[in-house]
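Here is a short report on one chain and its ligands. Keep the structure open and find each residue as you read.

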Amino acid sequence: MRLQIVDHPLVAHKLTTLRDARTDSPTFRRLADELVTLLAYEATRDVRVEEVGIRTPVTETTGVQLSRPRPLVVPIIRAGLGMLEGMVRLLPTAEVGFLGMIRDEETLQASTYANRMPDDLSGRQVYVLDPMLATGGTLVAGIKELIRRGADDVTALCLLAAPEGVEVMERELAGTPVTVVTASVDERLDEQGFIVPGLGDAGDRMYGTAG
Ligand SMILES: O=P(O)(O)OC[C@H]1O[C@H](OP(=O)(O)OP(=O)(O)O)[C@H](O)[C@@H]1O
Ligand SMILES: O=c1cc[nH]c(=O)[nH]1
Ligand SMILES: [Mg+2]
């Protein structure tokens with residue numbers, strides 16, 4: 001597994017406001033969207049392209065276009081949905097699949113409650129969207145399912161990661177073609193499995209369900 005931390009002042013600036021407990025849901029959604037586009041710029045550095053000939057108003061030349069099969073983007077519902085628009089803005093022709101996953105608040109075990117993806121992912125590049133890599137249980141299970149279906153290149157975009165989750169991913173996904181792109185690897189997890197300093201519950205903050 002490869003880990004890439006996007007070190008950029010604009011990313012750090014937006015992430016700081018995202019973390020701030022005073023930031024309301026509409027602002028949180030906007031910042032998450034903007035951050036994804038910045039992360040996606042790095043995450044798609046190896047997106048597969050092929051040469052194509054075109055005619056400009058002046059002459060004939062060659063350029064590149066995204067190769068077929070098209071990349072697949074998979075937001076992990078619920079919080080990952082808040083990253084979808086920012087991603088498909090850069091990859092408008094991508095296909096979109098969906099995984100619904102929830103982490104039990106007591107056991108921290110992830111389970112899947114929705115799965116709407118192509119059965120055969122052979123030869124596909126897949127971009128998984130999940131804002132929080134905490135214990136790693138959710139992403140490990142989600143990515144294993146993608147690899148089981150044949151995906152041969154998986155990149156996970158996470159706004160934040162915990163060192164514990166990165167370690168679990170490295171152990172569980174050793175030898176697999178997986179990259180994690182994140183804006184920050186934070187300090188640690190707390191006793192409830194929340195990232196510290198983190199930003200709280202991403203889904204709640206995004207959709208205003210914090211109570
Ligand atoms: O790395 P892990 O320890 O598995 O935790 C990370 C997961 O926890 C959150 O989802 P949550 O279960 O809160 O669902 P939600 O997005 O519907 O709020 C988050 O969006 C990740 O999917
Ligand atoms: O800090 C965390 C950990 C898991 N899920 C979240 O939404 N936030
Ligand atoms: Mg949640």
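Start at Thr135. Setting aside neighbours within four places in sequence, Thr135 is in contact with Leu108, Glu164, Gly165, Val168, Leu189 and Gly193. Thr135 sits in the loop between β9 and α4. Is Thr135 buried or partly exposed? Thr135 has 19 C-beta neighbours inside 10 Å. A residue needs 20 or more to be called buried, so Thr135 counts as partly exposed.

The model is predicted. The chain averages a pLDDT of 97, and 100% of the residues score at least 70. For the complex, the predictor gives an ipTM of 0.98 and a pTM of 0.97.

**Ligand 1**

Thr135 also belongs to the surroundings of ligand 1. There, 22 residues surround the ligand, and the closest are Arg78, Ala134, Thr135, Thr138 and Gly203. Four elements give two or more residues to this shell: β6 (98-103), β9 (132-133), α4 and α6 (202-207). Which element gives the most? That is β6, with three residues. By class, the shell around ligand 1 holds eleven nonpolar, seven polar and four charged residues.

**Ligand 2**

Ligand 2 is surrounded by Ala79, Met132, Ala134, Gly193, Phe194, Ile195, Gly198, Asp201, Ala202 and Gly203. This shell divides into six nonpolar, three polar and one charged. Ala134 is named among the closest residues of ligand 1 and in the shell of ligand 2. Gly203 is likewise named for ligand 1 and for ligand 2.

**What the record says**

UniProt, in an unreviewed entry, places a "binding site" at Arg78, Arg103, Asp130, Pro131, Met132, Leu133, Ala134, Thr135, Gly136, Gly137, Thr138 and Asp201. The unreviewed UniProt entry also puts the annotation "binding site" on Ile195, Gly200, Asp201 and Ala202. Asp201 appears in the first list and in the second.

Where do Gly200 and Asp201 lie? Gly200 is in the loop between β13 and α6. Asp201 is in the loop between β13 (195-196) and α6. Ala202 is found in helix α6. Leaving aside neighbours within four places in sequence, Ala202 is in contact with Ala79, Pro131 and Met132.

The table sets out the C-beta counts for several residues.

| Residue | Other C-beta atoms within 10 Å | Class |
|---|---|---|
| Gly200 | 15 | partly exposed |
| Asp201 | 16 | partly exposed |
| Ala202 | 25 | buried |
| Val185 | 17 | partly exposed |
| Pro9 | 7 | exposed |

The same unreviewed UniProt entry type lists residues 6-209 as "domain: Phosphoribosyltransferase". Over residues 6-209 the chain is 32% helix and 31% strand. The end C-alpha atoms of this stretch are 29 Å apart.

**Two helices**

Now look at α4. Helix α4 covers residues 137-148, which makes twelve residues. At 1.5 Å a residue, α4 should span 16 Å, and its end C-alpha atoms are 16 Å apart, so the two values agree. Gly137, Thr138, Leu139, Gly142, Ile143 and Leu146 are the buried residues of α4. Just after α4, Gly150 takes a positive phi of about 110°.

Helix α2 (residues 25-43) has 19 residues. From its first C-alpha to its last, α2 reaches 26 Å, close to the 27 Å expected at 1.5 Å a residue. The buried residues here are Phe28, Leu31, Ala32, Leu35, Val36, Leu39, Ala40 and Ala43. What do the buried residues of α2 pack against? Their partners are α1, α3 (84-90), β8 (125-129), β10 (153-161), β11 (178-185) and α6.

**Val185 and Pro9**

Val185 is found in strand β11. Not counting residues up to four places away in sequence, Val185 touches Ile5, Ala161, Pro163 and Val166. Val185 and Ala162 are 23 residues apart along the chain, and their C-alpha atoms are separated by 5.4 Å.

Pro9 lies in helix α1 (residues 9-19). Pro9 and Glu85 are 76 residues apart in sequence. In space, the pair is 22 Å apart, C-alpha to C-alpha.

Notes:
Residues numbered from 1 in each chain as written. Chains lettered and ligands numbered in written order. Predicted model: local features only at pLDDT ≥ 70, side-chain atom pairs only at ≥ 80, totals over all residues. Near = placed C-beta within 6 Å. Nonpolar A, V, L, I, M, F, W, Y, C, P; charged D, E, K, R; others polar. Expected span 1.5 Å × (residues − 1). Buried ≥ 20, exposed ≤ 12 C-beta atoms within 10 Å, placed from the backbone. pLDDT = per-residue confidence, 0-100. UniProt positions renumbered as here; feature names shortened; annotations may be inferred. Contact = placed C-beta atoms within 7 Å.
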